[in-house]
Number of protein chains: 2
Amino acid sequence: MNTSSDAERPKIGRREANRRATEEAILNAAETVFAEAGFGGATMQLIADLAGLPKANLHYYFASKEELYRRVVERIFQIWLEAAQAMDDAPGPAEGIGAYIDAKMEISRRYPNGSKVWASEVMHGAPVIQDYLETTLRDWTAGRAAVIQGWIDAGKMAPTDPQHLLYMLWAATQHYADFGHQIEVLNGGPLSDADWRAARESVKQIILRGIGVAI
Amino acid sequence: MNTSSDAERPKIGRREANRRATEEAILNAAETVFAEAGFGGATMQLIADLAGLPKANLHYYFASKEELYRRVVERIFQIWLEAAQAMDDAPGPAEGIGAYIDAKMEISRRYPNGSKVWASEVMHGAPVIQDYLETTLRDWTAGRAAVIQGWIDAGKMAPTDPQHLLYMLWAATQHYADFGHQIEVLNGGPLSDADWRAARESVKQIILRGIGVAI
DNA sequence: CTGCAACCTGACCATATGGTCAGAAATGGA
DNA sequence: TCCATTTCTGACCATATGGTCAGGTTGCAG
């Protein structure tokens, strides 16, 4: 054994570990503040306070407010894309779309702030992730639409415009994050485990039956 | 007859007419700017420029940025509520929910900025319309949920959680306004009349079939 | 026509904010 | 231990923004 039980992984010294932890803390704080106040309403001071750092320190790790924001949005997009794989390698729409809804509902529950930042970014014309929309997202969407069309051609689901089906999947699932506040007010409080389960099953039931898949 | 063919309606002089027109122009400009930049990113100067007025004039009509914003949000909420009546007086879900989807899709198409401002407001915790959520919206939602439950009990549609069905209706329709930019990118340009028709029919098809209503 | 009240606006102000920087403190290899 | 490098931070700055106000202009009742 070596000196002690310090490094979980070789190569990462205290410096590097600290750096990553601080960056992570800043990104988390930024995600919260951007979600709650929007880009314009967010303040480097607010983010710094939430992260427990002096404001000047933020600028040591992130050159500008824009760059910090960009990093937040990119991180969300990654999570979003990884979850999208839930739809891959499925034999048919029942499994593929069902799993996709499960994954996206889970993201809405676990990362509501990320979803809000993404929504805000798109609503304001996608100033920083326009290229993602035009490349990565466009390609992914086209691929998924083709898969869905394949299922339709194989008679595994009712004829449905794949593009609009995808929009409905995004809309229905992300709504629970983006409009979470409204939902909590109407629900009379935060959603319980049972509430989330009911939400997930409702979405799956309506959409799967809506595309002619037995449930 | 009176002096000439001036007043369409009695009682409204040039003063009053001017006032209303100016207020309207400011509200329209504000809606656009708030939608594109968010509350924090919006600038009284930007709104003034878009309305073609000096900034100081805005403060003659609206005491503060907050009040102007509040007026914009309230106006949207009115349109939203009026369209909600499309669901009333329907004999069953096919007509009621079908008409509601039609109405909401039309709003998404005609007033995308209003929808965005509303979404932004809710996402940021509804700082100015919290009371609307707790009173008007809550009551309306409860009423509609009861109607839907009645349809279910009458065997006119499949058993479905009314609350989550409403969320899906809001999500699916408003998505075309709030995420209009993303949709346009994926669509390779603005949606045509045919595109909008396809969107509307897709939403209706999936949801109506999803709740067990023949189409 | 006249006076008052409503309407309009350029110039100005206090504040908040993103960002900078010089220098202090911590770190780690030699 | 020593010192170069990285990390951290209080103090500061330029700018943008919401809001104010004094004074001018316009509409309209009497």
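**Exercise 1. Backbone and side-chain approaches to strand D**

How far is a phosphate oxygen of DNA strand D from a polar backbone atom of B:Ala42? Then describe the protein surface around this strand.

Solution. The model is predicted.

Step 1. The distance from the polar backbone atom of B:Ala42 to a phosphate oxygen of DNA strand D is 3.2 Å.

Step 2. Chain B makes further approaches to phosphate oxygens of DNA strand D. A polar backbone atom of B:Lys65 is 2.7 Å from a phosphate oxygen of DNA strand D. For B:Thr43 the atom concerned is a polar side-chain atom, at 3.5 Å.

Step 3. There are 19 residues around DNA strand D, and A:Ala56, A:Tyr60, A:Tyr61, B:Lys55 and B:Lys65 come nearest. Of the atoms of DNA strand D that come within 4 Å of the protein, 61% belong to sugar and phosphate.

Step 4. At least two residues of the surface near DNA strand D come from each of α1 and α3 (55-61) of chain A and α1 (14-41), α3 (55-61) and α4 (65-84) of chain B. The most, four residues, are given by α3(A). Sorted by class, the residues of this surface are seven nonpolar, five polar and seven charged.

**Exercise 2. The surface near strand C**

Which helix gives the most to the surface near DNA strand C? List the nearest residues and the phosphate contacts as well.

Solution.

Step 1. Around DNA strand C there are 18 residues, of which A:Lys55, A:Lys65, B:Arg19, B:Tyr60 and B:Tyr61 come nearest. Sugar and phosphate make up 61% of the atoms of DNA strand C that come within 4 Å of the protein.

Step 2. Assign the residues to helices. The elements that each supply at least two residues are α1, α3 and α4 (65-84) of chain A, and α1 and α3 of chain B. The helix that gives the most is α3(B), with four residues.

Step 3. Look at the phosphate oxygens of DNA strand C. A polar backbone atom of A:Ala42 is 3.2 Å from one, and a backbone N or O atom of A:Met44 lies 3.0 Å from one. From chain B, a polar side-chain atom of B:Tyr60 lies 2.7 Å from a phosphate oxygen of this strand.

Step 4. The class count for the surface near DNA strand C is seven nonpolar, four polar and seven charged residues.

**Exercise 3. The interface of chains A and B**

How many salt bridges does the rule find across the interface of chain A and chain B? Characterise the interface.

Solution.

Step 1. In this interface 55 residues of chain A are in contact with 55 residues of chain B. The buried area is about 4600 Å², and carbon and sulfur atoms give 66% of that area. A:Met123, A:Leu186 and A:Ile206 supply 17% of the area that chain A buries against chain B, more than any other three residues.

Step 2. The rule finds zero salt bridges across the interface. It does find 10 residue pairs in polar contact.

Step 3. On the side of chain A that touches chain B, at least two residues come from each of α1 (14-41), α6 (112-123), α7 (130-153), α8 (162-178), α9 (180-187) and α10 (193-210). The largest share, 12 residues, comes from α8(A). By class this side has 28 nonpolar, 19 polar and eight charged residues.

**Exercise 4. A loop threonine**

Is A:Thr160 buried or exposed? Place the residue and name its neighbours.

Solution.

Step 1. A:Thr160 sits in the loop between α7 and α8 of chain A.

Step 2. The relative accessibility of A:Thr160 is 6%, so the residue counts as buried.

Step 3. Leaving out residues up to four places away in sequence, A:Thr160 touches A:Ile152, A:Leu165, A:Ile211, B:Gln205 and B:Ile206. A polar atom of its side chain lies 2.9 Å from the backbone oxygen of A:Ala158.

**Exercise 5. Salt bridges within the chains**

Which residue forms a salt bridge with B:Arg19? Examine the bridge and the corresponding residue numbers in chain A.

Solution.

Step 1. The partner of B:Arg19 is B:Glu23, with the closest N and O atoms 3.7 Å apart. The two residues are four apart in helix α1 of chain B, so about one helical turn separates them. B:Arg19 is partly exposed at 34%, whereas B:Glu23 is buried at 18% relative accessibility.

Step 2. In chain A, the side chains of A:Glu23 and A:Arg19 meet in a salt bridge at 3.7 Å, N to O. A:Arg19, A:Glu23 and A:Arg71 are linked in a network of salt bridges.

Step 3. Over all chains the structure holds 18 salt bridges.

Key. Residues are numbered from 1 along each chain as its sequence is written. Chains are lettered from A and ligands numbered from 1 in the order in which they are written. This is a predicted model: local features need pLDDT of at least 70, side-chain atom pairs count only at pLDDT 80 or more; totals for chains, interfaces and linings use all residues. Side-chain values use heavy atoms; hydrogens and water are left out. Contact means heavy atoms within 4.5 Å. Buried area is the accessible area (1.4 Å probe) that two parts lose on being put together, summed over both. A salt bridge is a side-chain nitrogen of Lys or Arg within 4 Å of a carboxyl oxygen of Asp or Glu. A polar contact is a pair of N or O atoms within 3.5 Å; within protein, one must be able to donate a hydrogen and the other to accept it, and residues adjacent in sequence count only if both atoms are side-chain atoms. Ala, Val, Leu, Ile, Met, Phe, Trp, Tyr, Cys and Pro count as nonpolar, Asp, Glu, Lys and Arg as charged, and the others, Gly among them, as polar. A residue is near a molecule or strand if one of its heavy atoms lies within 4 Å of it. Buried means under 20% relative accessible area, exposed over 50%, partly exposed in between (1.4 Å probe, protein chains only).
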